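This note sets out points for a colleague who is reading the structure at the bench. They concern the surroundings of the ligand and the packing of one pair of helices.

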Amino acid sequence: MSPAGRRTLVTGGAGFLGSHLCEALLRRGDFVLCLDNFHTGTRANIAALLEHPRFELLTHDVGEPLDVDVERIFNLACPASPVHYQHDPVRTTKTCVQGAINMLALATERRARILQASTSEVYGDPEVHPQPETYWGRVNPIGLRSCYNEGKRCAETLFFDYRRQHDLDIKVVRIFNTYGPRMYPDDGRVVSNFIVQALRGEDITLYGDGSQTRSFCYVDDLIDALLRAMDAPPDFTGPVNVGNPDELSMRELAERVLRLSGSGSRIVHLPLPPDDPKLRRPDIGLAQRELGWTPTVPLDEGLAATIAYFRALLV
Ligand code: NAD
Ligand code: UDP
């Protein structure tokens, strides 16, 4: 557990994962500096924290340099849904790369420990399944997803070069698909899309034949993993996969959401987006061994909590 009073910066702190992380850090006794430019995040996500005596909001773009007094940095600032990160792809790459450079410079200046929220997208459309950290991936460098995939890969490179060049204390965590309350109803990710469509009685939009797979991690499990990775000894840098290895097809997910929500929506097929990975499941052996972490929330339980969240939001 962290000593009370540690000053911790969370970039992207008003986002889906960032807001849950800020809450968890406050519960541990940290002073939390939440940095966000509200590109995809919302004030509503952090409204309950604004009056907290150990919480501070800094409206700032990670693409700009920053000098603040911090001991730890979680670098989460970046749109995460394909719809959002493809909307302004040049800006997405800049946020990934220039954002990493600015936060690494800050960490070097302050001798702070810094954690990068990387992604399973660094594996691209993988030929190795499940994906271990030793797999270098199969990424299209010029496709619609490349602004994000290659931006995140370059950010990883920068983290390890800062470690080699400046002896920086780094952690790189590769996050696999995560879901839960505070996902946005309109960001196009599959869990939020299916639930919102089911609750509104609209058609469920299954892309392609629905045989592509993903493995979904509930947000509480993911936040626990981020805290453990940050607390790991300095010689543990990662990259480390974090996700739930319980894999299912998107057709199965659609059927699961229909059953749990009691919806009568129909499933319709739409074209598969370009470069959509066919399979994805993390090998989490490293996280289990080095962080003592295993996800605990079963998909049905997490989906039920997420459906309850959206039911309340959409009334
Ligand atoms: P999100 O879009 O909800 O949150 C991202 C936050 O970053 C938002 O609050 C947004 O306003 C902020 N932001 C974006 N660009 C910024 C900039 N230039 N300067 C300052 N703030 C900026 O997404 P999320 O799901 O919470 O993802 C958080 C991080 O985790 C991202 O880095 C993402 O790549 C990574 N990740 C998430 C998932 C997932 O399934 N949710 C999977 C893999 C990786
Ligand atoms: N998907 C779908 N219907 C939707 C949204 C997404 O079938 O309304 C599929 C998408 O093609 C992909 C999977 O669900 O195969 C996960 O998509 P998401 O955008 O959530 O995340 P990704 O893992 O692709 O970044």
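**Notes on the ligand site and a helix pair**

1. Sorted by class, the residues of the shell around ligand 1 comprise 15 nonpolar, twelve polar and four charged ones. The model is a predicted one, and the remarks below should be read accordingly.

2. In total, 31 residues surround ligand 1. The closest of these are Leu17, Asp36, Thr40, Tyr148 and Lys152.

3. Several secondary-structure elements contribute to this shell. At least two residues each come from α1 (16-28), β2 (31-36), β5 (113-119) and α5 (146-166). The largest contribution is that of β5, which gives three residues.

4. Polar contacts to the ligand involve both backbone and side-chain atoms of the protein. An oxygen atom of ligand 1 lies 2.9 Å from a backbone N or O atom of Phe16. For Thr178, a polar backbone atom is 2.9 Å from an oxygen atom of ligand 1. Asp61, by contrast, uses its side chain: one of its polar atoms there is 2.9 Å from a nitrogen atom of the ligand.

5. How much of the surface of ligand 1 does the protein bury? Taken alone, the ligand exposes 820 Å², and the protein buries 98% of that area.

6. A separate point concerns helices α8 (residues 250-261) and α10 (residues 299-314), whose axes come within 10 Å and cross at roughly 60°. Because of that angle, α8 is classed as oblique to α10. The crossing of α8 past α10 is right-handed.

Note on methods
Residues are numbered from 1 along each chain as its sequence is written. Chains are lettered from A and ligands numbered from 1 in the order in which they are written. This is a predicted model: local features need pLDDT of at least 70, side-chain atom pairs count only at pLDDT 80 or more; totals for chains, interfaces and linings use all residues. Side-chain values use heavy atoms; hydrogens and water are left out. A residue is near a molecule or strand if one of its heavy atoms lies within 4 Å of it. A polar contact is a pair of N or O atoms within 3.5 Å; within protein, one must be able to donate a hydrogen and the other to accept it, and residues adjacent in sequence count only if both atoms are side-chain atoms. Accessible areas come from the Shrake-Rupley method with a 1.4 Å probe; for residues, only the protein chains shown count as cover. Helices (H or I, at least four residues) and strands (E, at least two) are DSSP runs, numbered from the N terminus. Ala, Val, Leu, Ile, Met, Phe, Trp, Tyr, Cys and Pro count as nonpolar, Asp, Glu, Lys and Arg as charged, and the others, Gly among them, as polar. Axes are lines fitted to C-alpha atoms, for helices over the stretch in contact, and angles run from 0 to 180 degrees between N-to-C directions. Angles under 35 degrees count as roughly parallel, over 145 as roughly antiparallel, 65 to 115 as roughly perpendicular and the rest as oblique. A crossing is left-handed if the near helix is turned anticlockwise from the far one by less than a right angle, and right-handed if clockwise.
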